[in-house]
Amino acid sequence: MNVLELRQLTKKFGDFIAVDGMTLDVKEGEIFGFLGSNGAGKSTTINMVASLLVPTSGEIRILGQNVRKQTRQAKLNLGIVPQDLAIYGELSAFENVAFFAGLYGLRGAELKARAEEALEFVGLSDRAGAKPDGFSGGMKRRLNIACAIAHKPRLIIMDEPTVGIDPQSRNYILGSVRQLNESGCTVIYTSHYMEEVEEICSRVAIVDHGKIIADGTKEQLKAIITDIKELSIELKPGSPYRLQELQQVPGVRAVTEKEGALRVQSDASVDNLNRILKALMEGGAEIRSLQELEPNLETVFLTLTGRSLRDR
């Protein structure tokens with residue numbers, strides 16, 4: 001069963017096409033990774049699904065219900081965890097959750113019970129009466145999640161839920177995503193941290209220039225780039241190198257820098273390792289280690305879009 005269906009979804013802002021005829025199915029029970037660099041059309045798509053933007057053309061269905069024609073019923077099945085915190089500093093944690101749950105028609109004892117359950121789920125029961133102004137970044141993110149799940153939606157969209165928080169809070173939130181999924185929720189997850197997507201998502205779509213350019217399981221996407229090899233070359237800190245000469249080595253497709261190491265993508269069919277090393281050393285680089293990497297989602301993304309997921 002499809003929880004979300006997009007059919008030829010298009011959004012134009014004047015002459016600019018932000019989303020260009022997008023068609024996509026998200027199946028029940030998935031944790032679905034929705035990836036795209038800034039400006040790719042990802043956020044515009046999410047805003048149309050959430051009824052915050054009206055499509056120029058195309059159709060959106062949530063559990064078979066047309067978002068334009070059956071807006072209220074479709075919204076009852078949808079929870080949104082926005083990238084920008086949607087909580088009120090002057091209200092307590094409980095009041096925040098109760099306010100958002102009330103927007104979905106919950107009242108009285110049911111509203112109270114659902115708000116308490118949501119706070120317990122995110123580990124904030126002991127702070128129910130406290131105002132979020134005094135919360136850490138991770139606690140605010142968890143409260144943001146509680147506000148989105150109290151009405152028990154069947155589809156939850158999490159847009160960058162771990163931005164700007166510490167590793168411990170990130171791990172807590174990733175665990176919460178898994179728990180929500182195991183309880184029956186379908187999750188659409190966006191992140192600029194590819195390792196998170198690798199860890200929790202069962203299927204992934206890559207968006208670029210308003211179009212889905214790849215869609216499949218992680219294994220299927222990695223199989224796309226069997227003609228690519230990637231090297232990780234660690235240099236001595238501060239070691240110089242000539243990027244332009246490295247990029248001109250036959251077979252080299254892209255050179256990026258990540259976590260203090262150079263990532264060199266090259267045609268698998270071209271034997272160019274010696275020329276890559278020569279180009280580095282002639283530029284004055286001091287090489288500390290060299291490793292050939294297994295294909296991962298970051299490699300797939302960079303190969304298909306020509307830029308890193310975190311490019312701003």
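1. Which residues does the UniProt annotation "domain: ABC transporter" cover? According to the record, an unreviewed entry, this annotation spans residues 4-234. The model discussed here is a predicted one, and within it the chain over residues 4-234 is 34% helix and 29% strand, while the C-alpha atoms at the two ends of that stretch lie 43 Å apart.

2. A useful residue to begin with is Leu119, which sits in helix α4, the helix formed by residues 108-121. Leu119 counts as buried because its relative accessibility is 2%, and the limit for that word is under 20% relative accessible area. Leaving aside residues up to four places away in sequence, Leu119 touches Ala93, Phe94, Val97, Leu124, Ser125, Ala128, Leu143 and Ala146. By way of a distance across the model, the C-alpha atoms of Leu119 and Arg7, which are 112 residues apart along the chain, are separated by 36 Å.

3. The helix that holds Leu119 also packs against another helix: α4 and α5 meet at an angle of about 145°, with their axes 9 Å apart, and α4 passes α5 in a right-handed crossing. On the α4 side the contact is made by Ala118, Leu119 and Phe121, and on the α5 side by Leu143, Ala146 and Ile149.

4. Turning to the nonpolar cores, the largest has 48 residues, and those that touch the most other members are Val97, Leu143, Met158, Val177, Tyr189 and Val204. Helix α5, residues 137-149, supplies the largest share of this core, namely seven residues. Apart from this core lies another, of 26 residues, with Leu9, Phe34, Ala40 and Ala205 among them.

5. Tyr189, one of the residues that touch the most other members of the largest core, has contacts that include Phe32, Gly33, Phe34, Met158, Leu174, Val177 and Ile200, when residues up to four places away in sequence are not counted.

6. Is Lys222 buried, partly exposed or exposed? Lys222, which belongs to helix α8 (residues 218-222), is partly exposed, because its relative accessible area is 24% and this class lies between the 20% and 50% limits. Again without residues up to four places away in sequence, Lys222 touches Glu198, Pro295, Asn296, Leu297 and Val300. With Glu198 there is also a polar contact of 3.4 Å between the two side chains. The C-alpha atoms of Lys222 and Arg263, 41 residues apart along the chain, are separated by 17 Å.

How values were computed
Residues are numbered from 1 along each chain as its sequence is written. This is a predicted model: local features need pLDDT of at least 70, side-chain atom pairs count only at pLDDT 80 or more; totals for chains, interfaces and linings use all residues. Side-chain values use heavy atoms; hydrogens and water are left out. Helices (H or I, at least four residues) and strands (E, at least two) are DSSP runs, numbered from the N terminus. Buried means under 20% relative accessible area, exposed over 50%, partly exposed in between (1.4 Å probe, protein chains only). Contact means heavy atoms within 4.5 Å. UniProt positions are given in the numbering used here, feature names are shortened, and annotations may be inferred rather than shown by experiment. A polar contact is a pair of N or O atoms within 3.5 Å; within protein, one must be able to donate a hydrogen and the other to accept it, and residues adjacent in sequence count only if both atoms are side-chain atoms. A nonpolar core is a set of buried Ala, Val, Leu, Ile, Met, Phe, Trp, Tyr and Cys residues joined through side-chain atoms within 4.5 Å. Axes are lines fitted to C-alpha atoms, for helices over the stretch in contact, and angles run from 0 to 180 degrees between N-to-C directions. A crossing is left-handed if the near helix is turned anticlockwise from the far one by less than a right angle, and right-handed if clockwise.
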